[in-house]
Structures are given as C-alpha cells and as structure tokens.
Amino acid sequence: MQRYDMFIDGEDRPASGGEWFPTDNPYLGTPWAEIPLGTEADVDDAVRAADRALRGGRWAELTATARGALVRRLGDAITEHARHLAEVEVRDNGKLFSEMYGQVTYVPQWFYYYGGLADKIEGTVLPLDKKGYFAYTKKEPVGVVAVITPWNSPLLLLAWKVAAALAAGCTVVVKPSEYTSASTLELARVLHDAGLPPGVFNVVTGHGQDVGAALVGHPLVRKVSFTGSDATGRHINRAAADDFKHVSLELGGKSPNIVFSDADVESAVNGAVSGIFAATGQTCIAGSRLLVQADVHDEVVARLVELAGTARMGDPMDEGTQVGPITTPAQYAKVLDYIDIARKEGAHLALGGGPAERGGLFVEPTVFTGVRNSMRIAQEEVFGPVLAVIAFEDEDEAVALANDSRYGLGAGVWTRDMGRAFRMADRIRSGTVWINTYRAVSFLAPFGGFKDSGLGRENGIAAINAYLDDKTVWINTGAATGNPFVMR
Ligand code: NAD
C-alpha cells in the first residue's frame, strides 16, 4: 500500500500527529493508499507558510508577467503527468478513466487561460470631481486562499480555483476531500518540480469537521473557495463570516432537463442519459429531473429506458465501461435510500431500482416516472444514477416546474424552436442553461449557482476578481488644506 505525505512549505511531511487513514478503491472495495491525518497544527503550519510566501520571497517578487509565465508552465507540467494523475483519480473515486483523463488533460487550459490574464489585471485612473487631487485604483491579491474540494472531480474543480488564485498573486492551502486526496498530493509535487516556490501551494489532508473547519477559521486565511454540498457550504459561509473572509461557494443542484415535443428526440434522449447516468450521476450539474412535454412523454421514456438499460457497468479503467461504481459506501447507502423514498412516495419505477447484480458499490441506472415536483425525489439532491421524470403540458408549466426548486445550478432545454429556446433561457433561474446540449463546461464560460446552488462564479475573465481586492490611492497635487473638521 502506498503511503502519502502532506505537502507544506515545499516539503513532503507526515501529519504532526503521526497518523494516517486509508483511502479506498471503490471498484475493488479495498484500501489502496494511506493519507496523512492532518491536525490543527498542520493547518497552522500550512497557512503560515502560505502567508510568508505572500509577503516576501520569490513568489511575492515576481512581476505579473513572470508570474503568468510560471502559471502557464504549471499547465505544461500537468499535461506531462496527466495519465498518471487520472489513474490516481480513478483509483480513488471509481469514475471512468475516459472521464477523468478527459478532465485532467483539460485542466492545463485553466492554467494557460488565467496565466495569460496575470499581467492584464489593470487599475484605473479616476476622472475625479475634485480639483487638486489625483487618484487611481489598483488590484491586489486577497491573500491566503483556502481551497476546499469534493471527491467527484478533484483536480478539475481544484484547477478552477487554484489557476485563478495563483494568477492573481495569491497563495493557497488546499484541503481535498478525505475520499480523494491522493491526486491533489501528487499534483503538489508536480507543481513544485515545475518551479512553484515553497509555500505557494500547500496541501493539508484529513476530515472536514477538523482540518477543513480549522482552515476556514484560521485568521490568516482571507478567502475560502469551496465546492461541495450545500449543507457544508452553509456551514462554511457562517464560519467565514466571523472575520469577514471572502467566500465563493459552488454547491449542489437538482437541475431540470426539459424536453419539448418539437425536439429532436434522439438527441434529447442522449442528453438525458448523459445528464444523469454519466459519472454515475455524481456530478453537481446532473440533470436529475427530466421534464417531458406530455405528447412525447411515452416515446421519450421508452427510448430512455432502452438506452439506459443497456449501459455497461464494470471496471472504470476499461474503455467499454459506461457506468462505474458509486464512490463511497455512505453515498451508495444514500442513493439506495432515495430509491426507497421515491417508491414510498408513489413514483413509478420504470428502470433499475436497486443494487446491481454484480455487487460492490454498483447501483442500477434507475428511472422513476409519474413523479410530482413536490416529492423528495424531485427536490433533494441524490448524487447518483436516479432520474425523476415529470410530465408537463406547456411552456409556462415547464418554467414553473423548473424554477420550483431551492437549487439553480444548471438546466437543459431541448427544442427546435429558437424563439422558445431564448425565452426559456431568460425565464429559468439557474447559473447555466444549455440549449440542445448538456454538461458542457469551459475555462472561459462563467459557472456557478443561483439560490442554494452557491455564491459567486468561477471561470471566465471576471472570476479572477474573486481573488483580488481593489485599492484606491489619493494624491494631493495642490488642493487647499481647508477646514480640518469638514470632509474633503
Ligand atoms: P461535502 O460538502 O461533504 O465535502 C466537500 C469538502 O468539504 C470535503 O473536502 C470535506 O472534507 C469538506 N468539509 C466537510 N465539512 C467541512 C467543514 N465543516 N468545514 C470545512 N470543510 C468541510 O461534499 P462532497 O460529498 O465531497 O461532494 C458532493 C457535493 O458537492 C454535492 O452536493 C455536489 O453537488 C457538490 N458539487 C458541486 C459542484 C459545483 O461546482 N457546484 C461541483 C461538484 C460537486
């Protein structure tokens, strides 16, 4: 079994308590590596190292242009190690190699894009309304950033945060999910070897309630960038408010995938399947509610059941596998619980409905029809291969159903009527709307949630501002002193 160290101040280090915990391979159901069980003291060491790197030394002294070039070099280094990093991710979270390799080979683009932005962060000269003064603004890095990530797409979601934070000149301390820490620890070494100075990128591992909470509460951390469940996000938002830290939160969803009767049914069914069964439904943007116009409902459900029913489950490393295991035993139990809840609520089981015959952490792709939007299966995030199908009559009803959710992360609309496509895009309350496609993301397309799906946006040019503070500088070029007791 492989034993990992943490990565603090440019060094591999065991946890200060000298303990490790096992990390499992969800496909085999056996532990494959040991991860250091971090402590509050380790968090403090990592944050202090990040703070020192921010205030002086090689990183702090780089020009923005040199910093940008270094961030872009990190992208090259990740490309060189992509296959290995993706294999480590599959070992830890059981998702398909094809999906994880696709993600890891895409990760460098975040480093190229934000690296390119590093020396385009400009201030302004203000056209003042007062004589005898000159004023300008500049943007400065917010400081030490705590990056907290989930288990479903560890390095992709980390890159969204870290590439922008580093390009802005910040330093980071990452707390990866306790289920998938290995790829982040391996990445730390890759970035270090590519020339990132000590203290700029640190990784502390361990559980959320202790290591994660200590990181969020550390007084030298100035920003928390979090991706995970809304329950944890709520907790982090409250904790960060104590000392007014900046916060970005990418949270859960119950995204509607909406099929109108004028849609290309084959594409819509493909989109519905990829929306909920790709990644075994373990994505924040899973299209977990399928809203189908009544006159094509039966045809769409029949085709969907046929396609999803033939999905090949198996070893996530095999090219032919289409559906992998659930990542953790707790998540597996939760998915089965929701299947039970849906049955008890009176939804009609059209496909699947239980553990897969092959055993392990595999769950059958499951489709419920006859779902009412008020049911728990339509309101709560399952994070597994379970689809709730709801029929609707017209556009107004589709909009009402889509928006009747406390979440607002993604939405899909399938129609050939472009007028309707634009109307739906305007009326749906979610951070992303996909028309005749689903689950597309890019480093240059802002991403984030409305309502309980989160706060702030990642990706795109504006997202770098989440890692910058504005400063205004006033210079007296000859204004009279005036009355000292009155505002100038
Ligand atoms: P989670 O909230 O359980 O854990 C996420 C991270 O937070 C982990 O690293 C965990 O250790 C840490 N954590 C837990 N408690 C903490 C605390 N009190 N203080 C600080 N850190 C703490 O989420 P998960 O189960 O790992 O991931 C699945 C969830 O993530 C789903 O809800 C999914 O929708 C969401 N997600 C959202 C996006 C997005 O971009 N919007 C992307 C992927 C996943």
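**Exercise 1.** In this predicted model, find how far an oxygen atom of the ligand is from a polar backbone atom of G228, and then look for side-chain partners of the ligand's oxygen atoms at E178 and E381.

*Solution.* Start at the backbone, where a polar atom of G228 lies 3.2 Å from an oxygen atom of the ligand. Turning to side chains, an N or O atom of E178 is 2.5 Å from a ligand oxygen, and for E381 the corresponding distance is 2.6 Å. Taken on its own, the ligand has 850 Å² of accessible area, of which the protein covers 89%.

**Exercise 2.** Describe the place that the ligand takes up, and work out why the ligand lies between domain 1 and domain 2.

*Solution.* The ligand occupies the largest pocket, and the elements that each contribute two or more residues to its shell are helix 8 (208–217), strand 10 (221–227) and helix 9 (230–241). Sorted by class, that shell holds 13 nonpolar, eleven polar and four charged residues. Finally, domain 1 (2–251 + 453–472) and domain 2 (256–435) both supply shell residues, and therefore the ligand lies between them.

Methods. Residues numbered from 1 in each chain as written. Predicted model: local features only at pLDDT ≥ 70, side-chain atom pairs only at ≥ 80, totals over all residues. Heavy atoms only, no water. Polar contact = N/O pair within 3.5 Å; in protein donor to acceptor, adjacent residues only side chain to side chain. Areas by Shrake-Rupley, 256 points an atom, 1.4 Å probe, with all protein chains shown as cover. 1 Å grid on protein atoms, 1.4 Å probe; cavity = no way out; pocket = protein on both sides within 12 Å on 5 of 7 lines; lining within 4 Å. Sits in = over half its atoms within 2 Å of the grid points. Helix = DSSP H or I, 4+ residues; strand = E, 2+ residues; numbered from the N terminus. Nonpolar A, V, L, I, M, F, W, Y, C, P; charged D, E, K, R; others polar. Domains from an automatic or database assignment.
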